[in-house]
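Reader: I should like to learn how local features are read from a set of atomic coordinates. Might we work through one example together?

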Amino acid sequence: SQRVVIIGAGIVGTNLADELVSRGWKNITVVEQGPLSMPGGSTSHAPGLVFQTNASKTMTLFAKYTIEKFLALEQDGQSCFNQLGGLEIATTPERLEDLKRRHGYAQSWGVEAHLIDTDECVRRYPLLNREIILGGLYIPNDGLALAARATQLLIERTRNAGVRYHEHTVVTGIEKDNGHVTGVTTNNGTIPADIIVSAAGFWGVEIGAMVGLKVPLLPLAHQYAKTTAVPGLVGRDVNKRINAMNAELPILRYQDQDLYYREHGEQYGIGYYGHRPMPVVAASLGVTPKEVDDKHMPSRLEFTSEDFEPAWKATKELLPALRETEIADGFNGIFSFTPDGGSVVGQAPNLDGFWVAEAVWVTHSAGVARAVAEILTEGRSRIDIAECDVSRFEEVQLSPEYISETSQQNFVEVYDIIHPLAPKESPRNLRVSPFHARQREQGAFFLEVGGWERPHWYEANTDLVKTLPTGWRHVDRDAWSSKFYSPIAAAEAWKTRNAVAMYDMSTFHRFSVSGPGAVHLLQRITTSDVTKPSGTITHTLLLNAHGGILSDIFVSRLEDDSFQLGANTSTDLAYLAREARRQEKHTPGQWVQVRDVTGSTCCLGLWGPRARDVIRSISSEDFSNKGLPYMGVKQTSIAGVPVTMFRKSYVGEHGWEIQTTPEYGQRLWDVLWQAGKPQGLVAAGRAAFNGLRLEKGIRASGSDMSSEYNPYEARVTYAVHMDKKEDFVGKAALQRLSKQAPTRQLRCLTVDDGRSMILGKEPVFHNGQTVGYVTNAAFGYTVRKPVAYAWLPTKVQEGDSVEIEYFGKRIKATITADPLYDPQEHRLRN
Ligand code: FAD
């Protein structure tokens, strides 16, 4: 098998060696700069609390697997996981509400969870001060991982299976040839490699720099302290349970004060996130010494007791028994934070064969390792890794300033209650479209995505709200779903359906694919036939070899060898660029250039029944159904502005995406604006867009669909052309899958009472049982009901009644045929 070198023998590197070797890979070397018995990275001092529940399905499933694996990792009758349960407590009404939301996540992702009252909290955790507890979330399967021990057992097990370990060996460089890794340079010589995985923890930045890869993580110190013996616990027989972790009570989280707790026998361990961020540059820590012990390791800095004072005060309030103790020992331990809080996993976009698995907590370690091993050995991970893919970041998000500021912010907010739409407060205005000045004049309310400022509604449309016909009036929402939302969105939706509206589409990813190999590449990696004549747009899918959906894209053929792609993420770009490189290597004549043109273009969506009237008044070009049919594209000019007109729509109305280059952007806005006034044109934002998109049944890659699902399950087979004569990635899998009836499907739900909002990720119940989860939800303005999409078993059918849990309440909804709006596509095609 391939020669693999793993850098780092922490919990991630050793798990990865284990996952690879257990899949039959033989040629694996692990290189570690420290001593193997205690390498000195973050794992060497991790207290090992595993709270599984996370807003991210991926991270929760990684945690579930880590628990499963550590429970099975045994020696002398002692596993590496102590399933004590986990308790998160609320001392504020806001937190109590948040715990209900987290209870929803747990159910959505299949983790047993219980909301419990104050009495039950105290019964489960007698040391708590009941005076301040309002309630809690109890997860029976959470607990303590013995990370350092697991690392040692994994080293032993993998060594026995043939994995080579080199300790005291520092990686100093990566060798490469022709865009592919060839080896790892160390202080003890070079090790040849076909695949290199950097599992170097917070040293990942330095390893990445060796190959010109910006690894977006920031090492930060985090305080952990142990108390002296708690009088009430002295002498208790912790060995009654098989328990090398010296703990009996559940692991405890006190997020209102940025604290968490575990027992260490008679002592308490206290972790604190409430202090100032303390960034560290890994390179400044020097070489790991030959001798490492509990107190002396590079990842452990001096305790700064003054930073811990608020934690100590809050702890004595929460756990009165600790008032009789003192801090016996503490340290500031280093580990990684990232701009969006996710791990950094996957193949480097700039160098084939170079992989990373970093910014990974012990909690997710085995899950991440399994995912990487599955991708390497089988070409896909069963759990979708898009949320932690190393290539998910935009260029602007890879600057040292951005990484530093946002990762520190993530440290500060790690336990905060954050609304899913809440934008970063800083840095802002990193990317603005050429329409920005005009949008501000219209009172745009901006939220941020990928560094872009994106209007969600325009205050200039406020007066329209009062004039809305009865069937379009705003429906009141609860406080949480009202955040980052305005009733103005209803007015913008109404204008889109009844007149015309203009949407800034500049923030969508646009790539150019050109060259003699362009057709070959797109035929090979998409599910559709893109050999249609120039001037046509094809909506198609990118699949993995197992038929899982990587992304959905719009392929516009501009000229014979020149295409523009409307895509979803930077990860799509990394995939296309990698496949293009691969093609060029194998068939040199078939070169193809893949370029990101998002920033060098800008785009307005002009949609609504009067869109054609607007364009007619400023252009003599033929924009009739004949001149530019639905899913057609044309390069032309309107009112003297050079444009590319794409006849397609995300909102289900007639119109175009009108693209130009940024120097003409403002002019494009102005000419459309002037021409649109007589037709009632308004500027409209994402809030309206999301509702219109959902009622039109347009799926969003990443949330509605992911690599865990195939096109039959997602019901997007219209984008698959099995009769295409060329083979394409995923075709063989689809042939197999087409013969099996799907057991789960993406379904459309409408909320029965017509008003109760949901936001996404909520669990869905059928006959009282959790059967699936909501992917996306929005108010459907035209159908006048909240609309949701959800993954559900096929046994739940159209017309069936289900319930969605939102903040602990059950909302009744009905499975409905979709799309809800204009299923015949009259509005789009005429
Ligand atoms: P590491 O354990 O740091 O391993 C990376 C290895 O790479 C190191 O051994 C290092 O020596 C080696 N290496 C680096 N550079 C080179 C090189 N150039 N050549 C050779 N080898 C190299 N997580 C939880 O899930 N639950 C918790 O309760 C928890 N509590 C924590 C408390 C504290 C105080 C801290 C600091 C962290 C905590 N974490 C917790 C986080 C967790 O410890 C880490 O995220 C995890 O251990 C990272 O594992 P790793 O294998 O990626 O990194």
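**Reading the features in turn**

Author: Arg438 has a relative accessible area of 19%, under the 20% limit, and therefore counts as buried. The model is a predicted one. Arg438 belongs to helix 10.

Reader: With which side chain does the side chain of Arg438 make a polar contact?

Author: The partner is the side chain of Asp670, at 2.6 Å.

Reader: Why can helix 13 be described as largely enclosed by the rest of the structure?

Author: Burial is counted residue by residue along the helix. Helix 13 covers residues 488–498, and 10 of its 11 residues are buried, so the rest of the structure largely encloses it. The buried residues are Ile488, Ala489, Ala490, Ala491, Glu492, Ala493, Trp494, Lys495, Thr496 and Arg497.

Reader: Let us turn to the ligand. Which residues around the ligand come nearest?

Author: The shell around the ligand holds 35 residues, and those that come nearest are Glu32, Thr43, Leu49, Val360 and Thr363. By class, the shell consists of 21 nonpolar, 13 polar and 1 charged residues.

Reader: Which polar side-chain atom lies 2.6 Å from an oxygen atom of the ligand, and what do the backbone atoms of Val12 and Gln33 contribute?

Author: The side-chain atom belongs to Thr363. For Val12, a backbone N or O atom lies 3.1 Å from an oxygen atom of the ligand. For Gln33, a backbone N or O atom is found 3.0 Å from a nitrogen atom of the ligand. On its own the ligand has 1000 Å² of accessible area, of which the protein covers 98%.

Reader: Which elements give two or more residues to the shell around the ligand?

Author: They are helix 1 (11–21), strand 16 (218–227), strand 22 (327–337) and helix 8 (362–378). Strand 22 gives the most, with 4 residues.

Reader: How is a pair of aromatic rings described?

Author: Two quantities serve: the distance of the centres and the angle of the planes. A search of the whole structure finds 29 aromatic pairs. One of them joins Tyr261 and Tyr268 in an edge-to-face arrangement, with 6.5 Å centre to centre and 65° between the planes. Tyr261 has 0% relative accessibility and therefore counts as buried. Tyr268, likewise at 0% relative accessibility, counts as buried.

Reader: What are the distance and angle for the pair formed by Tyr273 and Tyr415?

Author: Tyr273 and Tyr415 are also edge-to-face, at 5.2 Å centre to centre and 80° between the planes. This pair links distant parts of the chain, as its two residues are 142 residues apart. Tyr273 lies in the loop between strand 19 (267–272) and strand 20 (278–279), while Tyr415 lies in the loop between helix 9 (400–412) and helix 10 (436–441). Tyr273 counts as buried at 4% relative accessibility, and Tyr415 counts as buried at 6%.

Reader: Which residues form one aromatic cluster with Tyr273 and Tyr415?

Author: The cluster also contains Tyr224, Tyr260, Phe331, Phe335, Phe337, Trp361 and Phe411.

Reader: Where does the charged end of Arg124 sit, and over which face does Arg370 lie?

Author: Here one examines the position of a charge relative to a ring. The charged end of Arg124 sits over the ring of Tyr138, 3.9 Å from its centre. Arg370 lies over the face of Tyr65, at 3.9 Å from the ring centre.

Reader: Finally, what is the general expectation for phi and for peptide bonds?

Author: Most residues other than glycine have a negative phi, and most peptide bonds are trans. In this model, the bond from Ser426 to Pro427 is cis, with omega near -5°. A cis peptide bond also joins Asp818 and Pro819, where omega is about 0°. Pro427 is in the loop between helix 9 and helix 10, and Pro819 is in the loop between strand 43 (809–816) and helix 21 (826–829).

Reader: What phi values do Asn429 and Lys761 have?

Author: Asn429, although not a glycine, has a positive phi of about 55°. Asn429 is placed in the loop between helix 9 and helix 10, and is partly exposed, with a relative accessible area of 47%. Lys761, also not a glycine, has a positive phi of about 80°. Lys761 is found in the loop between strand 38 (744–751) and strand 39 (763–766), and counts as partly exposed at 30% relative accessibility.

Methods: Residues are numbered from 1 along each chain as its sequence is written. This is a predicted model: local features need pLDDT of at least 70, side-chain atom pairs count only at pLDDT 80 or more; totals for chains, interfaces and linings use all residues. Side-chain values use heavy atoms; hydrogens and water are left out. Buried means under 20% relative accessible area, exposed over 50%, partly exposed in between (1.4 Å probe, protein chains only). A residue is near a molecule or strand if one of its heavy atoms lies within 4 Å of it. A polar contact is a pair of N or O atoms within 3.5 Å; within protein, one must be able to donate a hydrogen and the other to accept it, and residues adjacent in sequence count only if both atoms are side-chain atoms. Accessible areas come from the Shrake-Rupley method with a 1.4 Å probe; for residues, only the protein chains shown count as cover. Ala, Val, Leu, Ile, Met, Phe, Trp, Tyr, Cys and Pro count as nonpolar, Asp, Glu, Lys and Arg as charged, and the others, Gly among them, as polar. Rings of Phe, Tyr and Trp (its six-membered ring) pair if their centres lie within 6.5 Å; planes under 30 degrees apart count as stacked, over 60 as edge-to-face and the rest as tilted. A charge sits over a ring if NZ of Lys or CZ of Arg is within 6 Å of the ring centre and within 35 degrees of the ring normal.
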